[in-house]
Amino acid sequence: MPYTIGQMAEKLRVAPSTLRYYDKEGLLSPAAVSEGGRRLYTHKDMIRLHQIQALKSLGFSLSDIKTRLVSLDTPKEVAEV
């Protein structure tokens, strides 16, 4: 089930503008965009956002975070995160 930007922001307690900024910076792009132009996110995107939040809480800059994000391309990689 895809989540809209508002749903994703509410679930993970971030501002929708933060999600748009992360998309602009290449940290977290939505999985899809609806016909109406809404950004749509998946559970995999939630895991990615958790990674970003965890690294940010440890004091990493966004440019450092970009290089440290773990790939989530396989089920094994998702499970390891």
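**View 1. The whole protein chain, read along the sequence, follows the pattern β-α-α-β-β-α-α-α.** The secondary structure comes to 5 helices and 3 strands; helices (H or I, at least four residues) and strands (E, at least two) are DSSP runs, numbered from the N terminus. This is a predicted model, in which local features need pLDDT of at least 70 and side-chain atom pairs count only at pLDDT 80 or more, while totals for chains, interfaces and linings use all residues. Residues are numbered from 1 along each chain as its sequence is written, and side-chain values use heavy atoms, with hydrogens and water left out. The radius of gyration of the protein chain is 12 Å, close to the 12 Å that the globule rule gives for 81 residues, so the chain is as compact as a globular protein of that length. The radius is taken over C-alpha atoms, and the globule rule is 2.2 Å times the number of residues to the power 0.38. Along its principal axes, the C-alpha trace spans about 35 × 30 × 20 Å.

**View 2. Surface and contacts of the protein chain.** The accessible surface comes to about 5300 Å², and 52% of it belongs to carbon and sulfur atoms. Accessible areas come from the Shrake-Rupley method with a 1.4 Å probe; for residues, only the protein chains shown count as cover. Of the 81 residues, 31% are buried. Buried means under 20% relative accessible area, exposed over 50%, and partly exposed in between (1.4 Å probe, protein chains only). Among contacts between residues at least 6 apart in sequence, 46% join residues at least 24 apart, where contact means heavy atoms within 4.5 Å.

**View 3. Packing of helix α1 (residues 5-12) against helix α2 (residues 16-24).** Two packed helices are described by the angle between their axes and the distance between the axes. Helices α1 and α2 pack at an angle of about 110°, with their axes 8 Å apart. That makes α1 roughly perpendicular to α2. Axes are lines fitted to C-alpha atoms, for helices over the stretch in contact, and angles run from 0 to 180 degrees between N-to-C directions. Angles under 35 degrees count as roughly parallel, over 145 as roughly antiparallel, 65 to 115 as roughly perpendicular and the rest as oblique. On the α1 side the contact is made by Ile5, Met8 and Ala9, and on the α2 side by Pro16, Leu19 and Arg20. These residues divide into 5 nonpolar, no polar and 1 charged. Ala, Val, Leu, Ile, Met, Phe, Trp, Tyr, Cys and Pro count as nonpolar, Asp, Glu, Lys and Arg as charged, and the others, Gly among them, as polar.

**View 4. Arg13 in the loop between α1 and α2.** Phi of Arg13 is near 55°, a positive value in a residue other than glycine. Arg13 is exposed, with a relative accessible area of 78%.

**View 5. Thr4 and Arg38, a contact between strand β1 and a loop.** Thr4 lies in strand β1 (residues 3-4) and is buried, at a relative accessible area of 19%. Not counting residues up to four places away in sequence, Thr4 touches Arg38, Arg39, Leu40 and Tyr41. Arg38 is placed in the loop between β2 (32-33) and β3 (39-41), and its relative accessibility of 55% counts as exposed. Leaving aside neighbours within four places in sequence, Arg38 is in contact with Thr4, Ala32 and Val33. Arg38 and Glu10, 28 residues apart in sequence, are 16 Å apart in space, C-alpha to C-alpha.

**View 6. Ser29 in the loop between α2 and β2.** At 40% relative accessibility, Ser29 is partly exposed. Apart from residues up to four places away in sequence, Ser29 touches Asp23, Tyr41 and Asp45. From Ser29 to Arg48, 19 residues apart in sequence, the C-alpha to C-alpha distance is 9.8 Å.

**View 7. Leu69 in the loop between α4 and α5 (75-80).** Leu69 counts as buried, at 16% relative accessibility. With neighbours within four places in sequence left aside, Leu69 is in contact with Leu27, Arg48, Gln51, Ile52 and Leu55. The C-alpha atoms of Leu69 and Leu55 are separated by 8.8 Å, the two residues being 14 apart along the chain.

**View 8. Ser63 in helix α4 (residues 62-68).** Ser63 has 51% relative accessibility and counts as exposed. Between the C-alpha atoms of Ser63 and Gly26, 37 residues apart along the chain, the separation is 9.8 Å.
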